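I opened the notebook today to look up a few residues, one after another, and to write down what I found for each.

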Amino acid sequence: MPQDYTANNAWKIPLHPELAETPLLTKEHFHRGAVAVAVNGVPIFNAANNRGEFATELGELDRWGGHAGKADDYHYHLIPEHLEQIVGENNPVAFALDGFPVFGKTDAELDEYLGRFTENGSYQYHAVDHAPYFIAGLRGKVSTDSIDNAPEDQIIPQPFTRPIRTADYGPLPGAEITHFTKHQASSYSLEYQLNGHSHHINYSWDNDGLHQFEYVDSEGNITTEIYEKLNQLKQEHSEEPPKKVRPATHIQQADTGRKYCGDGMCDNIETTQQCPADC
């Protein structure tokens, strides 16, 4: 689902990065949030998930090295090397949040942080085909929300991801995705097999912020859910009456989002009301 990473809800990448006296290792830090942003605007998270396990080794990622999080957002856990086909192999495919560029694999010797200094004295990271896969440590200066909370600290500022569905659907054991179709710019269909039967999830959204999900089981029975994506600022400060939502089987307003909401853990900054998915 689209996420609005603009204005104050965005990462900041320094134009003139500075080397840190003590680089922070990604093994020991940043198991939350993004550590880099790809040139297509998609965030790149630590190769290790928030349990400290490498997502790619668990089979959690698609062919591009990413997956969708609990907040309906898509992000990478590997460097998206396929973007080299668009930008060219001599251009970065991402920028780390410390300001240094990230490239695909190289034959050049890398340091312990999986980067190197070039002939002109600049620094850059590279992807490798073994753990920790990229950015073993951030050579540049960054700010963190709580270094004492490591490894679950994160680089700040870190945007909110706002889910459309706040219920925790969880994994579907035994399911295998067999087909995915893009009908229009905002209309998709996913097919999966479960116990030898084919099921579909059709989802779409309109310009009014209404998102519709159709769950079609193997016998053709359809369950429809419609969610309204609220503008948080308007919701908090406007006295206008709420929009009318089309009748549906299930209607739910989107969660307004918390920094840690959607990670599966109820932290001391969250409550049941603020983050029902976690608490």
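I began with Val142, keeping in mind that this is a predicted model, and I found Val142 in the loop between β10 (137-140) and β11 (143-144). Its relative accessibility came out at 23%, and because buried requires under 20% and exposed over 50%, I entered Val142 as partly exposed.

I then looked up what Val142 touches, leaving aside its neighbours within four places in sequence, and I listed contacts with Leu24, Phe30, Leu97, Asp98 and Ile155. I also checked Ala20, which is 122 residues away from Val142 along the chain, and noted that the C-alpha atoms of Val142 and Ala20 are separated by 8.2 Å.

My next entry was His67, which lies in strand β4 (residues 66-68). With a relative accessible area of 19%, His67 falls under the 20% cut-off and therefore counts as buried. I followed the side chain of His67 to the backbone oxygen of Glu60, which it reaches at 3.1 Å. Glu60 also appears among the contacts of His67 beyond four places in sequence, together with Leu61, Asp73, Tyr74, His75 and His77.

Last, I turned to the surface, where I found that Ile13, Val39 and Phe95 form a nonpolar patch, with about 210 Å² of accessible area together. Of this patch I looked further into Phe95, which I placed in strand β6 (residues 94-96). I entered Phe95 as partly exposed, because its relative accessibility is 31%.

How values were computed:
Residues numbered from 1 in each chain as written. Predicted model: local features only at pLDDT ≥ 70, side-chain atom pairs only at ≥ 80, totals over all residues. Heavy atoms only, no water. Patch = residues over 30% accessible without salt bridge, like charges linked within 9 Å, V, L, I, M, F, W, Y side chains within 5 Å. Areas by Shrake-Rupley, 256 points an atom, 1.4 Å probe, with all protein chains shown as cover. Salt bridge = Lys/Arg side-chain N within 4 Å of Asp/Glu carboxyl O. Helix = DSSP H or I, 4+ residues; strand = E, 2+ residues; numbered from the N terminus. Buried < 20%, exposed > 50% of the residue type's maximum accessible area, 1.4 Å probe, protein only. Contact = heavy atoms within 4.5 Å. Polar contact = N/O pair within 3.5 Å; in protein donor to acceptor, adjacent residues only side chain to side chain.
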